[in-house]
Amino acid sequence: MSKKVDVVVWSKQGCSYCEEVKTYLQEEGLSYNTVDVTHNDAFRDILDTKYGVRYVPVIEIGSSENGVYKAVTEIGLEHLKVALADSAPSHI
């Protein structure tokens, strides 16, 4: 049985890095939820509390079944690709 991987993208309007992440996920056929921090500083406060950052994109990858998520806070698709590979369901 394979586990389902959930992806959450924290982003803001007009962020080219955020759009790059979303485009990549769409091209890979991965569904994701978005948390838009554009007009909500409280969301940035959450990022600061959880990960010590106030910028986006931040990508959370994990499972809502067990509530365990890993965050990608580094800018650049190479970091996202590594995190997704590490979180890929094993079903061989």
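Helices (H or I, at least four residues) and strands (E, at least two) are DSSP runs, numbered from the N terminus. The model is predicted, so local features need pLDDT of at least 70 and side-chain atom pairs pLDDT 80 or more, whereas totals for chains, interfaces and linings use all residues. Residues are numbered from 1 along each chain as its sequence is written, and side-chain values use heavy atoms, without hydrogens or water.

A cavity is a set of points on a 1 Å grid over the protein atoms alone where a 1.4 Å probe fits but cannot get out; its lining residues have an atom within 4 Å of a point. Grid points are joined across faces, edges and corners, and a volume is the space filled by probe spheres set on the points. One cavity of 30 Å³ or more is counted, and the largest has a volume of about 50 Å³. Its lining consists of Y17, E20, V21, P57, I59, E74, G76, L77 and L80. Two or more of these residues come from each of α1 (16-27) and α3 (77-87), and α1 gives the most, with three.

The axes of α1 and α3, lines fitted to C-alpha atoms over the stretch in contact, come within 11 Å and cross at roughly 40°. The helices are therefore oblique, being outside the ranges under 35, over 145 and 65 to 115 degrees. Contact (heavy atoms within 4.5 Å) involves E20, V21, Y24 and L25 of α1 and L77, L80, K81 and L84 of α3.

Residue classes count Ala, Val, Leu, Ile, Met, Phe, Trp, Tyr, Cys and Pro as nonpolar, Asp, Glu, Lys and Arg as charged, and the others, Gly among them, as polar.

| Residue set | Nonpolar | Polar | Charged |
|---|---|---|---|
| Lining of the largest cavity | six residues | one residue | two residues |
| Contact of α1 with α3 | six residues | no residues | two residues |

Definitions and conventions. On a 1 Å grid over the protein atoms alone, a cavity is a set of points where a 1.4 Å probe fits but cannot get out, and a pocket is an open set with protein on both sides within 12 Å along at least five of seven lines; lining residues have an atom within 4 Å of a point. Axes are lines fitted to C-alpha atoms, for helices over the stretch in contact, and angles run from 0 to 180 degrees between N-to-C directions.
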